[in-house]
Amino acid sequence: MDLTTFLNLLSIIGILFLLMVAGFLSRRFGIINEESTKHLSKLIVALGQPMMIVAALIGKDFSPENLRAGLFYMLLGFLLHPAMAVFAFLLSPLFPNRVQRNLSTFGLIFNNCGFIGFPILGAIFGANGPFYGAFFVIGFHVYLWTLGIWILSRGEEHIRLTPKKALFNYGTIPCLIGFLLYLLKAVLPLPAFLISFTDHLGNLCLPISVLVTGALLANQDFKKMLTDGRLYLFNAIKLIAIPLLICLLAKVVTLGMADSYSIVLFCTVISALPCAATISMLAEMYDLDSPYAARMVGSTSILSLGTLPLLYFIGDLVARL
């Protein structure tokens, strides 16, 4: 295992922890309130996340090699989510309550591969990390607004899966724009100010999204979090079992491939990330036990600070076999 890469990962995790603490304290001291967390969440979803995706795509020099690599990781995004979905559906009967089973199934499949994932991938893979991640999240957004909404709609007549939501949302549109701009770089250099503009707005995602997570945690009943056996089960599956299964599966599938090490490590890390923050917003929107969804996001965000280095270590060992 590369010591510098591991230290970079620990550094990012330390930053995430301190940002979460800052958000927690800001909520407790009234600097951030419930209304401001909603507005900050909307700011990140509607502006920060799209610009982060575009910035990751256009910030990389165009070359046929980079394009091939990006398309490969886009394909990986379309393949990895169904694999995680298989494990999630097999394990979902462990959650007897119907609404919480739907939320748990969603949470087991969809990770925070943007807000938290890009910095983590950057710490491990350098400049290539966010670039690969931006292609990977194309599949994430397509599945989230199709498979994800279908999962949440089971037994809920008021939730409708529509082609419009699947094709036009805050994830797919910036992915398309960023991809087209990246292809444009093959024939026309993009203005430096445009790249800087998207980069600055994209940089809002990490601090604000983690501050909001910390603020949401401050509003939770910690006694419920600590005594809820379903959350312990969910976190064990989400942060340990599924990443280990994905790690082994990736190793078997990539045996003999030249890039096996990077692919196995990428799959392990991306599957070990905490729940996508989107689940708490969707639960609030559709009236689906939003306190449980918030506890899912909060608990996985906290515990992943410890499990991510462990899964990176295991992924590195397996990848080198």
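There are 17 aromatic pairs here, counting rings whose centres lie within 6.5 Å. Keep in mind that this is a predicted model. The mean pLDDT of the protein chain is 89, with 100% of its residues at 70 or more. Below are the rings, then helix 12, then a couple of loops.

**Aromatic pairs**

- What angle do the ring planes of Phe6 and Tyr312 make? They sit at 25°, with the centres 6.0 Å apart, so this pair counts as stacked, the cut-off being under 30 degrees.
- That pair ties together distant parts of the chain: Phe6 belongs to helix 1 (residues 3-28) and Tyr312 to helix 15 (residues 290-320), 306 residues apart.
- Buried or exposed? Phe6 has 17% relative accessibility, so it goes down as buried, given the cut-off of under 20%. Tyr312 is buried too, at 1%.
- Phe72 and Tyr73 give an edge-to-face pair, because their planes are at 85°, which is over 60; their ring centres are 5.4 Å apart.
- Tyr73 is buried, with 5% relative accessibility, whereas Phe72 is partly exposed at 29%.
- Both Phe72 and Tyr73 belong to one aromatic cluster, whose other members include Phe62, Phe125, Phe131, Tyr132, Phe135, Phe136, Phe179, Tyr182 and Phe266.
- For a charge over a ring, look at Arg154: it lies over the face of Trp150, at 5.5 Å from the ring centre.

**Helix 12**

- Does the length of helix 12 agree with its residue count, or disagree? Helix 12 (residues 229-253) has 25 residues, so at 1.5 Å a residue it should span 36 Å; the end C-alpha atoms are 34 Å apart, which agrees.
- Helix 12 isn't straight, though: there's a bend of about 35° at Ile237.
- Ile237 is itself one of the buried residues of helix 12. Others on that list include Leu231, Phe234, Asn235, Lys238, Leu239, Ile242 and Pro243, and further along come Ile246, Cys247, Ala250 and Lys251.
- A reminder for reading that list: an α-helix has 3.6 residues a turn, so residues three or four places apart point the same way.
- Which helices help cover the buried residues of helix 12? Among them are helix 3 (64-91), helix 4 (98-109), helix 11, helix 13 and helix 15.
- Two of these covering helices also mark the confidence extremes: helix 11 (residues 222-227) is lowest at a mean of 76, and helix 13 (residues 260-271) is highest at 96.

**The loop between helices 14 and 15**

- Most residues other than glycine have a negative phi.
- Asp287 goes the other way, with a positive phi of about 60°. Asp287 is in the loop between helix 14 (278-286) and helix 15, and is exposed at 68% relative accessible area, the cut-off being over 50%.
- Asp289 also has a positive phi, near 55°. Asp289 lies in the loop between helix 14 and helix 15, but with a relative accessible area of 28% it is partly exposed.

**Cys113**

- Where is Cys113? You'll find it in the loop between helix 4 and helix 5 (117-125).
- Despite being in a loop, Cys113 is buried, at 3% relative accessibility.
- Leaving aside neighbours within four places in sequence, Cys113 is in contact with Phe118, Phe136, Val137, Phe140, Ile270 and Leu273. Phe136 is also part of the aromatic cluster described above.
- Cys113 and Ser301 are 188 residues apart in sequence, while their C-alpha atoms are 12 Å apart in space.

Definitions and conventions
Residues numbered from 1 in each chain as written. Predicted model: local features only at pLDDT ≥ 70, side-chain atom pairs only at ≥ 80, totals over all residues. Heavy atoms only, no water. Helix = DSSP H or I, 4+ residues; strand = E, 2+ residues; numbered from the N terminus. Buried < 20%, exposed > 50% of the residue type's maximum accessible area, 1.4 Å probe, protein only. Lys NZ or Arg CZ within 6 Å of the ring centre and 35° of its normal. pLDDT = per-residue confidence, 0-100. Expected span 1.5 Å × (residues − 1). Bend = angle between axes of the 7 residues up to and from the residue. Contact = heavy atoms within 4.5 Å.
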